[in-house]
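Q: Could you take me through one part of this model in detail? I'd like to look closely at a metal site and then at what surrounds it.

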Amino acid sequence: MLKLTYISHSAFILSDEQHTVIIDPFITNNPTAKLKVSDIQADFIFLTHAHSDHFGDTLEIAQRNYSLVICVNELANYVATKGVRTHGMNIGGGYEFPFGKLKLTIAHHGSAKSEYGDYMGDPSGVVINMGGKTVYHCGDTGLFLDMKLIGELSKPDIMLVPIGGNYTMGIDEAVVAVDFVKPAIAIPMHFNTFPVIEADPTEFVDKVNKRGNKARLMHFGETLEF
Ligand code: NI
Ligand code: MN
């Protein structure tokens, strides 16, 4: 059994009976998040990249929970300087963690930590096997044809796909992305947090369904069991 909670933006909590993984915990400065950082309990944190709308409250959560932060090597090295436990990886690599296997995928985007552009490695997506399900979180990315390979190799049950445009795919590209990956269900993310990424998630859901694939909207703060 996998429990999936959508905080909002690209932030999700995955948990099975034993472990909790939080992805891109952007909460404090996130106008659409309903949770409080102090409520978050997670033994693992996964970061797709260093941008502040993904890195978010990582340090506070990790320091309070003694969480292991998993991400690309260069970003992991930065996080480690803050006294947090890390596990660095890189694109294409997989590793067996106590909660299940986790593998990094490419993402076409950027990844810097500050306005000065400190190098934080490549941005990524991630495939996580947990609670008997396979989740593909695309991270921040444009559409790319290799998503077909991710679909073929990992056969995701759940695909978390950015739809807000400007920094990532917009709705029409995201609909094609879902067609490439063919997950059992696609869930939209990275929309309506800021004016520049306004998008109608129901339009995405309708277009995916019309194309013969399956999507559903998760509301901010909603939890589903798979
Ligand atoms: Ni970003
Ligand atoms: Mn972003």
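What spacing do the donors of the manganese ion (ligand 2) follow along the chain?

A: Happy to. Please keep in mind that this is a predicted model. Along the chain, the donors of the manganese ion (ligand 2) follow the spacing D-H-x85-D-x49-H. In residue terms, the protein donors are Asp 53 through OD, His 54 through NE2, Asp 140 through OD and His 190 through NE2. These donors lie 2.2 to 2.3 Å from the manganese ion (ligand 2). Asp 140 is in the loop between E10 and H4, while His 190 is in the loop between E12 and helix H6 (201–210), so this pair ties together parts that are 50 residues apart in sequence. Asp 140 and His 190 are both buried.

The manganese ion has a partner. The nickel ion (ligand 1) lies 3.2 Å from the manganese ion (ligand 2), and Asp 140 coordinates both. On the nickel side, the protein donors are His 49 (NE2), His 51 (ND1), His 109 (NE2) and Asp 140 (OD), at 2.1 to 2.4 Å from the ion. Their spacing in sequence reads H-x1-H-x57-H-x30-D. His 49 sits in the loop between strand E4 (44–46) and helix H1 (52–55), and Asp 140 in the loop between strand E10 (133–137) and helix H4 (147–154), so these two tie together parts that are 91 residues apart in sequence. His 49 has 0% relative accessibility and counts as buried. For Asp 140, the bridging residue, the relative accessible area is 2%, which also makes it buried.

As for geometry, the four donor atoms of the nickel ion (ligand 1) make angles of 84 to 177 degrees, and the site is classed as irregular. For reference, ideal angles at a metal are 109.5 degrees for four tetrahedral donors and 90 or 180 degrees for six octahedral ones. One caution for setting up a calculation: water is not among the atoms, so sites may look incomplete.

Now to the strand that leads into the His 190 loop. His 190 belongs to the loop between E12 and helix H6, and strand E12 itself covers residues 185–189. Five of the five residues in E12 are buried. Both of its faces are covered, with Ile 185, Ile 187 and Met 189 on one side and Ala 186 and Pro 188 on the other. E12 pairs with strand E11 (residues 158–162) in the parallel sense, over five bridges. Within that pairing, Met 159 stands opposite Ala 186. Between the two strands, the chain passes from E11 through helix H5 (residues 171–181) to E12, in a β-α-β crossover that is right-handed.

Helices H5 and H6 bring us to the charged side chains. The whole structure holds five salt bridges. One of them joins Asp 172 and Lys 207, whose closest N and O atoms are 2.9 Å apart. This pair links distant parts of the chain, with Asp 172 in helix H5 and Lys 207 in helix H6, 35 residues apart. Lys 207 also forms a salt bridge with Glu 203, again with the closest N and O atoms 2.9 Å apart. Because Lys 207 and Glu 203 are four residues apart in helix H6, about one helical turn separates them. Together, Asp 172, Glu 203 and Lys 207 are linked in a network of salt bridges.

The members of this network are not buried like the metal donors just described: Asp 172 is partly exposed at 47% relative accessibility, Lys 207 is partly exposed with a relative accessible area of 31%, and Glu 203 counts as partly exposed at 31%. Another salt bridge is formed by the side chains of Lys 182 and Asp 179, at 2.7 Å from N to O.

Finally, a word on the cysteines. The structure holds zero disulfides. The sulfur of Cys 138 is 18 Å from the closest cysteine sulfur, that of Cys 71, which is too far for a bond. Both residues are buried nonetheless: Cys 71 at 1% relative accessibility and Cys 138 at 0%.

Conventions:
Residues are numbered from 1 along each chain as its sequence is written. Chains are lettered from A and ligands numbered from 1 in the order in which they are written. This is a predicted model: local features need pLDDT of at least 70, side-chain atom pairs count only at pLDDT 80 or more; totals for chains, interfaces and linings use all residues. Side-chain values use heavy atoms; hydrogens and water are left out. Buried means under 20% relative accessible area, exposed over 50%, partly exposed in between (1.4 Å probe, protein chains only). Two strands pair if DSSP finds at least two bridges between them. A crossover is right-handed if, with the strands pointing away from the viewer, the path from the first strand over the helix to the second runs clockwise. Donors are N, O and S atoms within 2.8 Å of the metal (3.2 Å for Na, K and Ca); water is not among the atoms, so sites may look incomplete. Four donors count as tetrahedral if all angles lie between 85 and 135 degrees; four count as square planar and six as octahedral if opposite donors are over 155 degrees apart and all others between 65 and 115; anything else is irregular. A disulfide is a pair of cysteine sulfur atoms within 2.5 Å. A salt bridge is a side-chain nitrogen of Lys or Arg within 4 Å of a carboxyl oxygen of Asp or Glu.
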